[in-house]
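Here's a quick tour of the chain, starting with the overall fold and working down to single residues. Keep the 3D view open as you read.

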Amino acid sequence: MIKVTIASPSVNVIPYTSKKDGSSQSLRVQVAYAHVVDADGHPGLYPEKFEFILGRDQVPFQPGDYTYHPSACYVRNGRIQFSDSRLVPARVKAAA
């Protein structure tokens with residue numbers, strides 16, 4: 001399971017001009033941090049910062065810990081990819 005932390009609900013808007021029709025467009029990007037392991041399976045010292053594009057009408061993720069929904073994983077052109085918009089809140093383990 002890949003743990004992803006959202007630290008801020010802030011969204012960066014990146015404007016661009018469509019190559020197709022010359023219209024003004026924009027991408028909405030949110031920052032997250034992935035808690036990954038190295039090649040030997042040891043947890044990284046720090047989470048890795050990455051950005052992902054939100055859907056057109058998607059509400060930004062609120063601060064907290066998330067994991068990827070199983071449907072977020074797919075293969076395209078022989079490479080595994082993740083749909084970043086399919087994050088689900090991580091389940092908190094109950095205290096014993």
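Read from one end of the sequence to the other, the chain goes β-β-β-β-β-β-β-β. That makes eight strands and zero helices. Bear in mind that this is a predicted model.

**Overall shape**

- The radius of gyration comes out at 16 Å, whereas a compact globule of 96 residues would sit near 12 Å.
- Along the principal axes, the C-alpha atoms fill a box of roughly 55 × 30 × 25 Å.
- Of the 96 residues in the chain, 19% are buried.
- The chain exposes about 7,500 Å², and 54% of that comes from carbon and sulfur atoms.
- Take the contacts with a separation of 6 or more: 44% of them are between residues 24 or more positions apart.

**How S3 pairs up**

- Strand S3 covers residues 24-35 and runs antiparallel to S1, with three bridges joining the two.
- Thr5 is one residue to look at here, as it stands opposite Tyr33 in S3.
- S3 is also joined to strand S2 (residues 12-17), again antiparallel, by six bridges.
- Within that pairing, Val13 has Arg28 in S3 as its bridge partner.
- The S2 and S3 hairpin has six residues between the strands, and one to check is Gly22, with a positive phi near 80°.
- S4 is another antiparallel neighbour of S3, with six bridges between them.
- If you want a landmark for it, Gln30 stands opposite Phe52 in S4.

**The end of S3 at Ser24**

- Ser24 belongs to strand S3.
- Is Ser24 buried or exposed? Its relative accessibility is 69%, so it counts as exposed, the cut-off being over 50%.
- Ser24 and Val75 are 51 residues apart along the chain, and their C-alpha atoms are separated by 31 Å.

**The S6 and S7 hairpin**

- Strand S6 (residues 73-76) and strand S7 (residues 79-82) run antiparallel and are joined by four bridges.
- Arg76 has Arg79 in S7 as its bridge partner.
- This hairpin has two residues between the strands, and Asn77 takes a positive phi near 55°.
- That phi is worth a look, since most residues other than glycine have a negative one.
- Asn77 is just such a case: its phi is positive, and it isn't a glycine.
- You'll find Asn77 in the loop between S6 and S7, and with a relative accessible area of 75% it is exposed.

**The nonpolar core**

- Which residues make up the largest nonpolar core? There are 10 of them: Val4, Ile6, Ala32, Phe52, Leu54, Phe61, Tyr66, Tyr68, Ala72 and Leu87.
- S1 and S5 each supply at least two residues of this core.
- As a general point, nonpolar side chains in soluble globular proteins tend to be buried together.

**Phe61, a loop residue in the core**

- Phe61 isn't in a strand; look for it in the loop between strand S4 (48-53) and strand S5 (64-68).
- Why does Phe61 count as buried? Its relative accessible area is 10%, and buried means under 20%.
- Phe61 is one of the residues of the largest nonpolar core.
- In sequence, Phe61 and Gln30 are 31 residues apart, but C-alpha to C-alpha they are 8.1 Å apart in space.

**One salt bridge**

- How many salt bridges does a search of the whole structure find? The search turns up one.
- The partners are Asp65 and Lys3, whose closest N and O atoms are 3.7 Å apart.
- The pair links distant parts of the chain, 62 residues apart, with Asp65 in strand S5 and Lys3 in strand S1 (residues 3-6).
- Asp65 is partly exposed, at 34% relative accessibility.
- Lys3 is partly exposed as well, at 35% relative accessibility.
- Both strands of this pair show up in the core too, as S1 and S5 each supply at least two of its residues.

Methods. Residues numbered from 1 in each chain as written. Predicted model: local features only at pLDDT ≥ 70, side-chain atom pairs only at ≥ 80, totals over all residues. Heavy atoms only, no water. Buried < 20%, exposed > 50% of the residue type's maximum accessible area, 1.4 Å probe, protein only. Salt bridge = Lys/Arg side-chain N within 4 Å of Asp/Glu carboxyl O. Pairing = 2+ DSSP bridges. Rg over C-alpha atoms; globule rule 2.2 N^0.38 Å. Contact = heavy atoms within 4.5 Å. Areas by Shrake-Rupley, 256 points an atom, 1.4 Å probe, with all protein chains shown as cover. Core = buried A, V, L, I, M, F, W, Y, C linked by side-chain atoms within 4.5 Å.
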